[in-house]
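Colleague: Could you take me through one part of this model closely, starting with the cysteines and going on to the strands and any enclosed space? I would like a connected account that I can follow beside the structure.

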Amino acid sequence: MKYSFVCEEDGKNIKRFLSENIDGFSLAKIDRQLKLGEIRINGKKTRENILLSFGDKVDIFIPESMVEAPVIETVYEDDNIIVVFKPVNTDTENNLVRLVSSKIGLKVFAVHRLDRNTEGLVILAKDRETESLLMRAIKERKIIKTYRALLSGTFENKKFTATAYLKKDEKAAKVNVFSLPVSGAKEIVTRFETVAEYDGYSDVEIELVTGRTHQIRAHAAFLGHPVLGDGKYSTNSINNKFGFKRQQLRAVKLVFGGCKGKLEYLNGKVIKV
């Protein structure tokens, strides 16, 4: 099985980088695969524990028997959908779909996604019709997704809605946020509500009105309050100050609406952790 990652910061060696990105795979096992030539950096095989640079693509080939599969918790299930809690370091479209399909003995389809380092609730459809109906409801902004995050600093306004414009930077594998419209950018709307405040950071409930790539992480950072532990949109000085090594962002609640046809029974249903 091949696992692929993109390095989002400079200065980490291969072993450290992979140990932080593959659950259930020890440094000893990584070292074994490195010595066997089963690791490629930007398509080139290496047997040395070299330092990585931002944007490097890392591929590692691992026999399935060597990997301890992450635990996927089922939060809700019926004849049409299954909602699971995705752990960190699990890719939605590939690994999560594969693991859930294997778990329930039925091929499932992801109708939305979470970033690899974001944990929380993900909806999976059990057939193509259900997938289409749910994706339509999501596109029409009828399914409300709520998150909790630890953000740097505190907010003067404890509850507010922020609007900005997001543009993808494919080369850097990230997005940029602007206060005014720019060519190629899409509008983003995010709701923030402070739940609690601590010494230098806040526990914030966040609702996505629009759902763009990296929206919460990038929008929060644009406002000057990056997600703690985020290696892409926060800074090492902030993350080290509070001691968070992993991204402090979790998808905690789903409110269904706009579901049509055989999924009408889901409208008004709330699933949360």
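**Cysteines, strands and a cavity**

Modeller: In this predicted model, the count of disulfides comes to zero, the criterion being a pair of cysteine sulfur atoms within 2.5 Å. Two of the cysteines can be placed by their accessibility: Cys7 is buried, with a relative accessible area of 1%, and Cys259 also counts as buried, at 3% relative accessibility.

Turning to the strands, β1, which covers residues 2–6, pairs with β4, residues 57–61, in the antiparallel sense over five bridges. Within that pairing, Ser4 stands opposite Asp59 of β4. Strand β4 also pairs with β2, residues 39–41, again in the antiparallel sense, here over three bridges, and in this second pairing the bridge partner of Arg40 is Asp59 in β4. Asp59 is thus a residue to look at from both sides, since it stands opposite Ser4 and is the bridge partner of Arg40.

As for enclosed space, the structure holds one cavity of 30 Å³ or more, and the volume of the largest cavity is about 30 Å³. Its lining is made up of His112, Leu114, Leu121, Lys145, Thr146, Tyr147, Ala251, Val252, Lys253 and Leu254. The elements that give two or more residues to this lining are β9, residues 144–152, and β14, residues 249–255, with β14 giving the most, at four residues. Sorted by class, the lining of the largest cavity has six nonpolar, two polar and two charged residues.

How values were computed: Residues numbered from 1 in each chain as written. Predicted model: local features only at pLDDT ≥ 70, side-chain atom pairs only at ≥ 80, totals over all residues. Heavy atoms only, no water. Buried < 20%, exposed > 50% of the residue type's maximum accessible area, 1.4 Å probe, protein only. Pairing = 2+ DSSP bridges. 1 Å grid on protein atoms, 1.4 Å probe; cavity = no way out; pocket = protein on both sides within 12 Å on 5 of 7 lines; lining within 4 Å. Points joined across faces, edges and corners; volume = space filled by probe spheres on them. Nonpolar A, V, L, I, M, F, W, Y, C, P; charged D, E, K, R; others polar.
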